[in-house]
Amino acid sequence: MHYISTRGGMQPLPFSDTILMGLAPDGGLALPERYPQIGREQLDAWRGLSYAELAFEVIRLFATDIPEADLKDILDRTYTAEVYGSAEITPVKRLKNGLVILELSNGPTLAFKDMAMQFLGNLFEYVLAKKGEQLNIVGATSGDTGSAAEYAMRGKAGINVFMLSPDGLMSPFQRAQMYSLQDENIHNIAIKGMFDDCQDIVKAVQNDHAFKARHKIGTVNSINWARVVAQVVYYFKGYFNATAGNDEKVSFCVPSGNFGNVCAGHIAKQMGLPIERLIVATNENDVLDEFFRTGVYRPRGTANTWVTSSPSMDISKASNFERFVFDLVGRDPAKVRELWAKVDSGEGFDLSDQLAAVREQFGFVSGKSTHADRLATIRAVDAEDGVVVDTHTADGIKVARELRQPGETIVCLETALPAKFADTIREALDRDPPRPAGFDGIENLPQRVTVFDADAAAVKRFIEQALA
């Protein structure tokens, strides 16, 4: 299996080279030359597997340059009851009205990002040791990627992490998870701006090819293909957990900001997983909802990005969306280059003539949720099901209930535990959310962070000085 760029300017690369690369040299994103196809026989064989066994079966189709014994060892060390709290790794909760919550937040930082990031930490360490290289990770987070990456990479040989986040815009719990880490290889950078400003700086660093080569720069954002492929696994596991047999179809509802999580669902569907619909749920920053309703993609810019109570989705320019559009336009890199030139110029693009394919061939629909909606959903799920959900998962449940068709089973992807968003949970329920053991008083720990304006040159200087 080799990997190409969505913009067509990269020689095909094996998996291990792709994951160390970040953005492709032409500014595009890596995708496999083709998606492996999964038939009924494989689904039947996979249904009873443990999470680590299933991860091996899925990921080995993509990571063909890693010896299978080594890959199995990495996955067996990653997906353990010790790390995720139970042998099930991703259990399900059943709500009323045909909704199923797939629990993805049982890892060390209480967010779905742990599902891929723990794998990525072990994978990076393995690949770097084989190559005798170092990696300096520059990433951006709107709330959960940062802590998941830092907890996965802390103390790892040959790895430094420089994580950008929007200054003051994450929840106090999210900030404390990141900024309280004192490991020498972890560097937190707060940017005066929105997440999109952080993401633009990461892309500027990635696109400075001399700087990137000189300092061995990589990324853990969902720009990184290994992040996406690891997330494909839990769509298969969620399908098996939510169904009695492989004749059934399910739909998935995914709270979405940067499109990485639902992009993994798109890939699972293209591989042959029996997915009926992929339901994209946005918050007030509804750029993706607008596209899936109208076919028009209009990134708003940071000045027009709302600060909301589901802050990890406060994004108006979705990096991973390019991977889906590449498939939508028939894998035509020239067309993708043309469309993203429009995005870079600030005008966006119109693919309304492709809406039939978006819905019928690829199965995408969407909806949005507001602050009032998520409060009402948190209250309703608590009252009806005795379950407290976080703000982002509430956005997904609201949209799933709104769009559910008669008899449809919808798996809602949980994105984080409610403890990370205590202020909004208190507003909704007039009580504190449950807080897992070991996290009491995390907000009071000493914090270490450097604040910058939205200036890529200043961030690059900081990286150079830290690595000197």
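In which loop is Leu110 found? Leu110 is found in the loop between strand 4 and helix 6. The model is a predicted one. In it, the largest nonpolar core has 112 residues, and a search of the whole structure finds 0 disulfides. The points below cover the cores, two helix pairs, a mostly covered helix, the cysteines, one buried strand residue and three loop residues.

**Nonpolar cores**

- In soluble globular proteins, nonpolar side chains tend to be buried together.
- The largest nonpolar core here counts 112 residues. Tyr79, Phe236, Phe252, Phe259, Phe321 and Phe324 have the most contacts inside it.
- Helix 11, residues 225–242, gives the most to this core, with 13 residues.
- A second, separate core has 22 residues. Among them are Ile279, Val389, Ile397 and Ala400.
- Leaving aside residues up to four places away in sequence, Phe236 touches Ile38, Leu43, Trp46, Leu54, Val58, Ala268, Met271 and Leu273.

**Helix 3 against helix 11**

- Two packed helices are described by the angle between their axes and the distance between the axes.
- Helix 3 spans residues 51–59 and packs on helix 11 at an angle of about 125°. Their axes are 9 Å apart.
- The two helices, 3 and 11, are therefore oblique to each other.
- Their crossing is right-handed.
- On the helix 3 side, the contact uses Tyr51, Leu54, Ala55, Val58 and Ile59.
- On the helix 11 side, the partners are Val229, Ala230, Val232, Val233, Tyr234, Phe236, Lys237 and Phe240.
- Phe236 thus appears twice: it is in this helix contact, and it is one of the residues with the most contacts inside the largest core.

**Helix 6 against helix 7**

- Helix 6 covers residues 113–131, and helix 7 covers residues 145–153.
- Their axes come within 8 Å and cross at roughly 35°.
- Helix 6 passes helix 7 in a right-handed crossing.
- Helix 6 makes the contact through Lys113, Asp114, Met117, Gln118, Leu120, Gly121 and Phe124.
- Helix 7 contributes Thr145, Ala148, Ala149, Tyr151, Ala152 and Met153.

**Helix 13, mostly covered**

- Helix 13 runs over residues 287–294, and 6 of its 8 residues are buried.
- Those buried residues are Val287, Leu288, Asp289, Glu290, Phe291 and Phe292.
- The cover over them includes three helix and strand elements listed here by name: strand 10 (275–282), helix 14 (321–328) and helix 16 (355–361).
- It also includes strand 11 (296–297), strand 12 (349–350) and strand 13 (364–368).
- Gly295 follows helix 13, with a positive phi near 85°.

**Cysteines**

- Why does Cys253 not bond to Cys412? The sulfur of Cys253 is 4.9 Å from the sulfur of Cys412, the closest cysteine sulfur, and that is too far for a bond. A disulfide needs the sulfurs within 2.5 Å.
- Cys253 is buried, at a relative accessible area of 0%.
- Cys198 is also buried, with a relative accessible area of 0%.

**Ala281 in strand 10**

- Ala281 sits in strand 10.
- Is Ala281 buried or exposed? It is buried, because its relative accessible area is 0%, and buried means under 20%.
- Ala281 touches Cys253, Val254, Pro255, Ser256, Met313, Gly367, Asp395, Gly396 and Val399, with residues up to four places away in sequence not counted.
- Thr393 is 112 residues from Ala281 in sequence. In space, the two C-alpha atoms are 9.3 Å apart.

**Loop residues**

- Most residues other than glycine have a negative phi, and most peptide bonds are trans.
- Asn97 has a positive phi, near 65°. Asn97 lies in the loop between strand 3 (92–94) and strand 4 (99–102).
- Asn97 counts as partly exposed, at 48% relative accessibility.
- Leu110 has a positive phi too, near 65°. At 4% relative accessibility, Leu110 counts as buried.
- Leu445 is in the loop between helix 19 (422–429) and strand 15 (450–453). Its relative accessibility is 43%, so Leu445 counts as partly exposed.
- Leu445 and Tyr179 are 266 residues apart along the chain, and their C-alpha atoms are separated by 8.9 Å.

How values were computed
Residues are numbered from 1 along each chain as its sequence is written. This is a predicted model: local features need pLDDT of at least 70, side-chain atom pairs count only at pLDDT 80 or more; totals for chains, interfaces and linings use all residues. Side-chain values use heavy atoms; hydrogens and water are left out. Buried means under 20% relative accessible area, exposed over 50%, partly exposed in between (1.4 Å probe, protein chains only). A nonpolar core is a set of buried Ala, Val, Leu, Ile, Met, Phe, Trp, Tyr and Cys residues joined through side-chain atoms within 4.5 Å. Helices (H or I, at least four residues) and strands (E, at least two) are DSSP runs, numbered from the N terminus. Contact means heavy atoms within 4.5 Å. Axes are lines fitted to C-alpha atoms, for helices over the stretch in contact, and angles run from 0 to 180 degrees between N-to-C directions. Angles under 35 degrees count as roughly parallel, over 145 as roughly antiparallel, 65 to 115 as roughly perpendicular and the rest as oblique. A crossing is left-handed if the near helix is turned anticlockwise from the far one by less than a right angle, and right-handed if clockwise.
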